[in-house]
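The following account leads the reader through one structure, moving from a single loop to the packing of helices and the nonpolar core.

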Amino acid sequence: MPEVSELLPMVALALAVGGFAGVIGGLLGVGGGIVLVPAFLYMFTTLGYGGDQLMQICVATSLATIVVTSIRSVLAHHKKGAVDWAVLRQWAAFLVIGAGLGVVAASRLPSTALQAVFGVVAGSVAVWMAFGRDDLRLGAAMPGQPARGLMGTVVGFLSAMMGIGGGSFGVPIMTLYGVPIHRAVATAAGFGVLIAVPSVIGFLFVPVADAPPWTVGAISIPAFLVVIGTTLATTPLGVRLAHAMNPKPLKRVFAMFLALVALNMLRKVAGW
């Protein structure tokens with residue numbers, strides 16, 4: 001059994017991480033994973049944990065929180081009739097397959113490689129958030145086969161490797177094909193369920209050396225439980241702030257923050 005002195009600092013930092021992620025998620029509508037993964041990396045390194053598989057723990061624990069938050073989100077959106085279940089049914093198998101492949105790849109890569117993937121993709125998301133045009137369209141309807149299968153598999157694969165729920169990819173894809181933004185956000189919550197559930201099952205069987213206390217597979221149970229509690233408590237605060245403020249300049253500020261996080265990841269990978 002781990003000592004209480006080992007768990008208390010983790011719990012304290014996890015409270016701060018979950019609170020921040022909840023507010024940002026509610027304020028800007030971004031998936032928690034894009035915030036949680038770098039925050040978990042900072043938290044565990046600050047606590048003295050390291051090794052070649054530290055990033056796997058951050059990714060897996062983030063996905064575990066997404067299982068809970070995405071189910072809660074998609075049910076709430078469903079009550080308002082905003083979820084496009086036809087899109088979810090058409091994309092489901094490809095998202096699950098991609099997520100499974102992502103777990104396999106993530107379990108075999110060193111932590112620095114996963115940091116590089118996160119840095120590059122998160123940087124791309126930051127550029128899109130800052131400069132993407134809301135009126136840009138690639139088509140009038142969601143793509144059919146084979147484009148649908150390729151997109152779904154890639155989204156599932158990258159999301160599982162990054163520890164995110166798919167909203168960072170799903171929302172832009174759907175809006176580019178004419179899906180209204182509120183419907184895209186609601187449906188992307190379903191992407192999170194389809195990606196996170198099989199990913200978490202896979203990560204439970206990934207052995208990790210030198211893991212923090214009470215880690216099952218690659219999932220830190222204390223961090224998961226604390227972050228879930230705090231994000232559920234603080235997300236409504238972020239939602240209230242969003243309704244009281246103009247979200248467009250805030251999204252650009254967050255895009256700058258995310259770009260700095262991505263660059264810092266890449267800096268560490270480069271050994272600078």
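Where is the place of Ala 211? Ala 211 lies in the loop between α8 and β1, the latter spanning 215-216. The model under discussion is predicted, and every statement below should be read in that light. With a relative accessible area of 27%, Ala 211 is partly exposed, because values under 20% count as buried and values over 50% as exposed. Once its neighbours within four places in sequence are left aside, Ala 211 is in contact with Tyr 49 and Ile 57. Lys 79 offers a reference point for distance: it is 132 residues from Ala 211 along the chain, and the two C-alpha atoms are separated by 40 Å.

The loop between α8 and β1 also holds Asp 210 and Trp 214. Phi of Asp 210 is near 55°, a positive value in a residue other than glycine. Trp 214, likewise not a glycine, has a positive phi of about 60°. Asp 210 is exposed, with a relative accessible area of 64%, whereas Trp 214 counts as partly exposed at 43% relative accessibility. Most residues other than glycine have a negative phi, and most peptide bonds are trans. On the second of these points, the peptide bond from Gln 145 to Pro 146 is cis, with omega near 5°. Pro 146 is placed in the loop between α5 and α6.

The discussion now turns to the packing of helices, beginning with α6. The axes of α4 and α6 are 6 Å apart and pack at an angle of about 40°. Helices α4 and α6 are therefore oblique to each other, and their crossing is right-handed. On the α4 side, the residues that meet α6 include Trp 91, Phe 94, Leu 95, Gly 98 and Ala 99; on the α6 side, they include Gly 149, Met 151, Gly 152, Val 155 and Gly 156. By class, the residues of this contact divide into 12 nonpolar, seven polar and one charged.

Helix α6, residues 147-162, also packs with helix α8, residues 181-203. Their axes come within 10 Å and cross at roughly 50°, and α6 and α8 are therefore oblique to each other. This crossing, too, is right-handed. Val 155, Gly 156, Ser 159 and Ala 160 of α6 make the contact with Ile 195, Ser 199 and Phe 203 of α8. Four of the residues in the contact of α6 with α8 are nonpolar, three are polar and none is charged.

A further pair consists of helix α2, residues 33-46, and helix α5, residues 111-131. The axes of α2 and α5 come within 12 Å and cross at roughly 140°. That angle makes α2 oblique to α5, because the roughly antiparallel class begins over 145 degrees. The crossing of α2 and α5 is left-handed. Gly 33, Ile 34, Val 37, Pro 38 and Leu 41 of α2 meet Gln 115, Phe 118 and Ala 122 of α5. Six nonpolar and two polar residues form the contact of α2 with α5, with no charged residues.

Which residues touch the most other members of the largest nonpolar core? Of its 76 residues, they are Ile 34, Phe 40, Phe 44 and Phe 203. The element that gives the most to this core is helix α3, residues 54-79, with 11 residues. Ile 34 also takes part in the contact of α2 with α5, and Phe 203 in that of α6 with α8. Phe 40, leaving aside its neighbours within four places in sequence, is in contact with Val 17, Cys 58, Thr 61, Ser 62, Ala 223 and Val 227.

Two buried residues outside the nonpolar class complete the picture. Thr 175, found in helix α7, residues 167-176, counts as buried at 14% relative accessibility. Not counting residues up to four places away in sequence, Thr 175 touches Leu 136, Arg 137, Ile 181 and Ala 184. Asp 84 is found in the loop between α3 and α4, the latter spanning 85-108. Asp 84 is buried, with a relative accessible area of 19%, because the cut-off for burial is under 20%. On the same sequence criterion of more than four places, Asp 84 touches Arg 183 and Thr 187.

Notes: Residues are numbered from 1 along each chain as its sequence is written. This is a predicted model: local features need pLDDT of at least 70, side-chain atom pairs count only at pLDDT 80 or more; totals for chains, interfaces and linings use all residues. Side-chain values use heavy atoms; hydrogens and water are left out. A nonpolar core is a set of buried Ala, Val, Leu, Ile, Met, Phe, Trp, Tyr and Cys residues joined through side-chain atoms within 4.5 Å. Buried means under 20% relative accessible area, exposed over 50%, partly exposed in between (1.4 Å probe, protein chains only). Helices (H or I, at least four residues) and strands (E, at least two) are DSSP runs, numbered from the N terminus. Contact means heavy atoms within 4.5 Å. Axes are lines fitted to C-alpha atoms, for helices over the stretch in contact, and angles run from 0 to 180 degrees between N-to-C directions. Angles under 35 degrees count as roughly parallel, over 145 as roughly antiparallel, 65 to 115 as roughly perpendicular and the rest as oblique. A crossing is left-handed if the near helix is turned anticlockwise from the far one by less than a right angle, and right-handed if clockwise. Ala, Val, Leu, Ile, Met, Phe, Trp, Tyr, Cys and Pro count as nonpolar, Asp, Glu, Lys and Arg as charged, and the others, Gly among them, as polar.
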